[in-house]
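Subject: Handing over the structure

Dear colleague,

I am passing the structure on to you with this email, and below it I set out what was found, one topic at a time. Please keep the picture open while you read.

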Amino acid sequence: MADQKTAIVTGGGRGIGAAIGKRLAADGLAVALLDLNDDDATSTAASITEAGGKAIGLKVDVADEQSVASAVAAVTEQLGAPTVLVNNAGILRDNLLFKMSVDDWDMVLGVHLRGAFLMSREVQKHMVEAKWGRIVNLSSSSALGNRGQVNYAAAKAGMQGFTKTLAIELGPFGVTANAIAPGLIQTAMTETTAARLKMPFDDFLAEASKGIPVRRVGQPDDIAAVASFFASEGAGFVSGQVLYVAGGPLD
Ligand code: NAD
């Protein structure tokens, strides 16, 4: 496809990122899955290729400036200049404030915020050149505050201000920026939360479902559907928004 757009999804090896990558590939984009875990990135890319899509998996550490520059250059060479960026890579290092180490604070802020900054700064030049782009950032319902997540909540609230500022600065170049703030989504990440609370994962999910208006937890595809919308041509007048995707209202 001559005019096929290229998308980058960070943390695309598994979980929500993998679902977004698969969805964008099904939407017709060439997809680069960038992940610290290159085995996961490669195998997810292979499953997209087997399903008839176009995808590659590459290793990146989004918090490392040189790694980001090399990965984006490799994507540009292999798939064409990226004009869709999904900043999805993330980690948890949960603890109560009085027990939280400086490393746990720095790592979480580093992957989420510094990572989204480095990736967006690197990819925006291709978007500005094309006079078209879509940036989708993963925030979280934890941005509203969550016990044991002072680092993660700060990072995810930061993603919202970051998104709105990208929307203002890049809008004149045809680039939109929006954030998705998921509630509880069933992935390996939330499995670690259940383990921290010493609960079997199924019990944790069943218990959480009771408090969600639609009476279920979210699946990665619930988030992929929203990312697909924000990345679409038709969403060109939607920018600087934060959409909570949590099976009910949150604010
Ligand atoms: P996950 O742990 O399953 O996947 C995260 C991916 O990011 C992994 O493949 C991991 O290797 C990758 N990654 C971590 N550090 C990286 C780095 N420095 N560079 C590149 N890749 C890195 O998590 P998930 O549940 O799929 O979450 C995806 C995103 O959604 C995260 O930003 C998370 O904070 C956010 N989120 C998740 C939930 C949820 O309930 N699962 C809720 C709200 C927001």
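In which helix is F117 found? The answer is helix α4, and before going further I should say that the model is a predicted one. F117 counts as partly exposed, since its relative accessibility is 37%, and partly exposed is the class between under 20%, which is buried, and over 50%, which is exposed. If you look for N87, which is 30 residues away from F117 along the chain, you will find that the C-alpha atoms of the two are separated by 9.1 Å.

The chain as a whole

The secondary structure of the chain comes to 8 helices and 7 strands. The radius of gyration of the chain is 17 Å, which is close to the 18 Å that the globule rule gives for 251 residues, so the chain is as compact as a globular protein of that length. Along its principal axes, the C-alpha trace spans about 50 × 35 × 35 Å, and buried residues make up 49% of the 251 residues in the chain.

The ligand and its surroundings

The ligand is surrounded by 27 residues, and the closest of them are R14, D35, N88, Y152 and T187. Sorted by class, this shell holds 13 nonpolar, 10 polar and 4 charged residues. Four helices, namely α1 (15-26), α4 (102-130), α5 (150-170) and α6 (188-196), each supply at least two residues of the shell, so when you return to α4 you may recall that F117 is found in that helix too. The shell also draws on two domains, with at least three residues from each of domain 1 (6-183 + 219-245) and domain 2 (187-217).

Which atoms of the protein lie at short polar distances from the ligand can be followed one by one. A nitrogen atom of the ligand is 3.2 Å from a polar backbone atom of L36, and a nitrogen atom of the ligand is 3.4 Å from a polar backbone atom of V60. In the case of K156, it is the side chain that takes part, with one of its N or O atoms 3.0 Å from an oxygen atom of the ligand. Taken alone, the ligand exposes 830 Å², and the protein buries 94% of that area.

Three further residues

L205 is found in helix α7, which covers residues 201-210. With a relative accessible area of 7%, L205 is buried, because that value is under 20%. L205 and A26 are 179 residues apart in sequence, and their C-alpha atoms are 29 Å apart in space.

V217, by contrast with a helix position, is found in the loop between α7 and α8 (220-231). Is V217 buried or exposed? At 8% relative accessibility, V217 counts as buried. The C-alpha atoms of V217 and D106, which are 111 residues apart along the chain, are separated by 29 Å.

K54, finally, has its place in strand β3, which covers residues 54-59. Its relative accessible area is 40%, so K54 is partly exposed. K54 and A74 are 20 residues apart in sequence and 15 Å apart in space, from C-alpha to C-alpha.

With kind regards

Key. Residues numbered from 1 in each chain as written. Predicted model: local features only at pLDDT ≥ 70, side-chain atom pairs only at ≥ 80, totals over all residues. Heavy atoms only, no water. Near = heavy atom within 4 Å. Polar contact = N/O pair within 3.5 Å; in protein donor to acceptor, adjacent residues only side chain to side chain. Areas by Shrake-Rupley, 256 points an atom, 1.4 Å probe, with all protein chains shown as cover. Nonpolar A, V, L, I, M, F, W, Y, C, P; charged D, E, K, R; others polar. Domains from an automatic or database assignment. Rg over C-alpha atoms; globule rule 2.2 N^0.38 Å. Buried < 20%, exposed > 50% of the residue type's maximum accessible area, 1.4 Å probe, protein only.
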